[in-house]
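Open your viewer, switch to a cartoon view and keep the selection box handy. We will go from one stop to the next, picking residues and looking at what surrounds them.

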Amino acid sequence: MALGRLLFLHLPKAYHVRSIDIVEERSSRVVNRLSVNLNEADAHPAMYWGTLGYPFELQAGKTTVVYVRSHAYSHQWFSLKVYDDENSRRALAGGRNRVCGYDGPAGKALPT
């Protein structure tokens, strides 16, 4: 098997949809599939705090196509990002550092 470059497809708004299907083709052959029902995705290994992460490999001299289908409740929430390993980790960790404090019963947000 030829080694290539490992990349990660992120769907950062995955938590907005009902389910997601991904089909990966390499040189016109299906090489991987993923189907995630977001109503039952709490422990799914592809999910991290509402973001779906899908690893795929680009190989020299081969064409890779990744098809994504989201099943939405009412309208489409669709955002895709592609990262290498280091930036994938940063994106997942960076999205979880939002902190907000509240002052009093009116819920006035304080700067963080």
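Two strands pair if DSSP finds at least two bridges between them. Keep that in mind as you look around, and remember that this is a predicted model.

**Stop 1: a hairpin.** Select residues 47-48, which make up strand β4, and then add β5: the two pair in the antiparallel sense over two bridges. Met47 has Leu52 of β5 as its bridge partner. Now look at the link between the strands. β4 and β5 form a hairpin with two residues between them, and Trp49 in the turn has a positive phi of about 50°.

**Stop 2: the other partner of β5.** Add β1 to your selection. β1 and β5 run antiparallel and are joined by seven bridges. Leu11 is the residue that stands opposite Leu52 in β5.

**Stop 3: around Leu52.** Show side chains here. What does Leu52 touch, not counting residues up to four places away in sequence? The list includes Leu9, His10, Leu11 and Ala14, and also Ile20, Ile22, Leu34, Val36, Ala46 and Met47.

Leu52 also belongs to a bigger picture: the largest nonpolar core has 16 residues, and Ile20 and Leu52 are those with the most contacts inside it. To colour the elements that give two or more residues to this core, pick β1 (5-11), β2 (19-26), β3 (29-37) and β5 (51-58). In soluble globular proteins, nonpolar side chains tend to be buried together.

**Stop 4: an open sheet.** Hide the rest and show three strands in the order β3-β2-β6, an open sheet with antiparallel pairing. β3 and β6 (64-71) are its edge strands, each pairing on one side only. On average, neighbouring strands of this sheet are turned by 10° against each other, direction ignored. Strands of a sheet pair through backbone hydrogen bonds, either parallel or antiparallel. Zoom in on β2 and β3, which run antiparallel and are joined by eight bridges. Within that pairing, Glu24 has Asn32 in β3 as its bridge partner.

**Stop 5: Val66.** Finish in strand β6, where you will find Val66. Draw a distance from its C-alpha to that of Glu24: the two are 4.5 Å apart in space, although 42 residues apart in sequence. Leaving aside neighbours within four places in sequence, Val66 is in contact with Leu9, Ile22, Val23, Glu24, Tyr54 and Phe56. Why does Val66 count as partly exposed? Its relative accessibility is 26%, and partly exposed covers the range between under 20% for buried and over 50% for exposed.

Technical notes: Residues numbered from 1 in each chain as written. Predicted model: local features only at pLDDT ≥ 70, side-chain atom pairs only at ≥ 80, totals over all residues. Heavy atoms only, no water. Core = buried A, V, L, I, M, F, W, Y, C linked by side-chain atoms within 4.5 Å. Buried < 20%, exposed > 50% of the residue type's maximum accessible area, 1.4 Å probe, protein only. Helix = DSSP H or I, 4+ residues; strand = E, 2+ residues; numbered from the N terminus. Contact = heavy atoms within 4.5 Å. Axes fitted to C-alpha atoms, helices over the stretch in contact; angles between N-to-C directions.
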